Amino acid sequence: MGNGSSTGAAAAGTWRLGDLEVNRMGFGAMRLPQTGRALIPDAVPRDRDQAIAVLRRAAELGVNHIDTAAFYFSPLRSANELINAALSPYPDGLVIVTKVGPAREPSGQWSAAARPDQLRGQVEENLRQLGRDVLDVVNLRMMPSMTSVAEPFGALADLQRAGLIRHLGVSGVTPAQLAEARAVAPVVCVQNRYGLGASPDEHAFADACGQQGIAFVPFFAIAGSGRGGGAGARTGAAGEPAEVLDIAAAHGVTAAQVRLAWTLHRGPHVLAIPGTGNPDHLEDNVAAGALRLSDDEVALQLSVHPNSD
Ligand SMILES: NC(=O)c1ccc[n+]([C@@H]2O[C@H](COP(=O)([O-])OP(=O)(O)OC[C@H]3O[C@@H](n4cnc5c(N)ncnc54)[C@H](OP(=O)(O)O)[C@@H]3O)[C@@H](O)[C@H]2O)c1
């Protein structure tokens, strides 16, 4: 897997999730099952061949860190099933990170988040869909209804001891919740919403993860306030602040590439998992790993904060 050179997904270097080394430029699978808004019951299924081609091209480009979840599905398409169909037998070194906690009915409606005793079922669902015996990394995705981290994270630590999971992470957490999880078991990654325009507290948390040797994996780095609706749903004039467009023009790249590269410049522990079902966007995203921004560009404070609500 990968081309072993400093091009493609390897251009931004590597990071270790526990004992698993990944290229810092990865891929998020949430956009694959549908076009348009994700995680809604009546989402429009994406063309299957296109989704599979995007995954195979990502692997060709050296992407060896894929983020997914069993609840990433649309009518007819499942992200995990697409990954399995496109990439298995899996190449050595491919790290698939999944997340548990949130739950959707077969209809696509959200249902109550999993109780701790239901997490084994979610882990096994991911194992079946991905066709693996062990999950590389499982993130506990905290939901507003989940008050305790320790109890569900403890349930995942039990599954780790039972050999179903190699490493654990957390998602949608505060610094206090990360500390609570770490008191239960080692945490290899934090997956939180983050990108250009984030708040001082969010910047501080991203830094703190690095200081603790934990990968920080932003989601919505491109989509920003467009969230599940995607980059096209971002609010604000033309959706993209002039400061970002200026940097993009200076480098001859797109605003999306600037946003991605900016996250990678926040520290060697920051991993990118851009989501796309568009083959051209995939190429752009991987190429963004080679983009080098100046210190001034990295220090950019946006007058409009497209990553906030
Ligand atoms: N832990 C969590 O709670 C959580 C929540 C959300 C997402 N995630 C994970 O994080 C990953 C990233 O989040 P995301 O996919 O929502 O958002 P994202 O990577 O920030 O952006 C995706 C959006 O930007 C567009 N896009 C991607 N590359 C582009 C490019 N080069 N140029 C222009 N537009 C581009 C996509 O549309 P096109 O398809 O048209 O390219 C889509 O609308 C997800 O795939 C998922 O694996 C985790």
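Which residues does Pro45 touch, not counting residues up to four places away in sequence? In this predicted model, Pro45 touches Pro33, Gln34, Ser74, Pro75, Leu76 and Arg77. The place of Pro45 is in strand 5, and with a relative accessibility of 28% the residue counts as partly exposed. One of these contacts can be followed along the backbone: Gln34 is 11 residues from Pro45 in sequence, while the two C-alpha atoms are 4.2 Å apart in space.

Leu76, another of the residues that Pro45 touches, deserves attention for its backbone. Most residues other than glycine have a negative phi, and most peptide bonds are trans. Leu76, however, has a positive phi of about 85° although it is not a glycine. The residue sits in the loop between strand 7 (73–74) and strand 8 (77–78). Its relative accessible area is 72%, and a residue is called exposed when this value is over 50%, so Leu76 is exposed.

Two further loops hold backbone features of this kind. In the loop between strand 4 (34–35) and strand 5 (44–45) lies Leu39, whose phi is also positive, near 65°, in a residue other than glycine. The loop between helix 2 (79–87) and strand 9 (95–100) contains Pro89. Here the peptide bond joining Ser88 and Pro89 is cis, with omega at about 0°.

The description now turns to helix 6. This helix runs over residues 200–211, and its 12 residues should span 16 Å at 1.5 Å a residue; the C-alpha atoms at its ends are 16 Å apart, which agrees with that expectation. Which residues of helix 6 are buried? They are His203, Phe205, Ala206 and Cys209. Because these residues cover an arc of only 160° around the axis, they lie on the same side of helix 6. On the other side of the helix, Pro200, Asp201 and Gln211 are exposed. The buried residues of helix 6 pack against four elements: helix 5 (175–182), strand 14 (189–193), strand 15 (215–219) and helix 8 (255–264). After helix 6 comes Gly213, which has a positive phi near 75°.

His203 shows the buried side of this helix in detail. Its relative accessibility is 17%, and buried means under 20%, so His203 counts as buried. Leaving aside neighbours within four places in sequence, His203 is in contact with Tyr194, Ala198, Trp262 and Arg266. With Ala198 there is also a polar contact, in which the side chain of His203 reaches the backbone oxygen of Ala198 at 3.2 Å.

The last part of the picture is the ligand and its surroundings. How many residues surround the ligand? There are 28, and the closest are Arg31, Asp67, Arg141, Thr276 and His281. The largest share of this shell, 3 residues, comes from helix 9 (residues 279–287). Both backbone and side-chain atoms approach oxygen atoms of the ligand. A backbone N or O atom of Ala29 lies 3.5 Å from a ligand oxygen, and a backbone N or O atom of Ala221 lies 3.1 Å from an oxygen atom of the ligand. For His281, a polar side-chain atom is placed 2.5 Å from an oxygen atom of the ligand. The protein covers 88% of the 900 Å² of accessible area that the ligand has on its own.

Note on methods. Residues numbered from 1 in each chain as written. Predicted model: local features only at pLDDT ≥ 70, side-chain atom pairs only at ≥ 80, totals over all residues. Heavy atoms only, no water. Helix = DSSP H or I, 4+ residues; strand = E, 2+ residues; numbered from the N terminus. Expected span 1.5 Å × (residues − 1). Buried < 20%, exposed > 50% of the residue type's maximum accessible area, 1.4 Å probe, protein only. Arc of directions from axis to C-beta. Contact = heavy atoms within 4.5 Å. Near = heavy atom within 4 Å. Polar contact = N/O pair within 3.5 Å; in protein donor to acceptor, adjacent residues only side chain to side chain. Areas by Shrake-Rupley, 256 points an atom, 1.4 Å probe, with all protein chains shown as cover.
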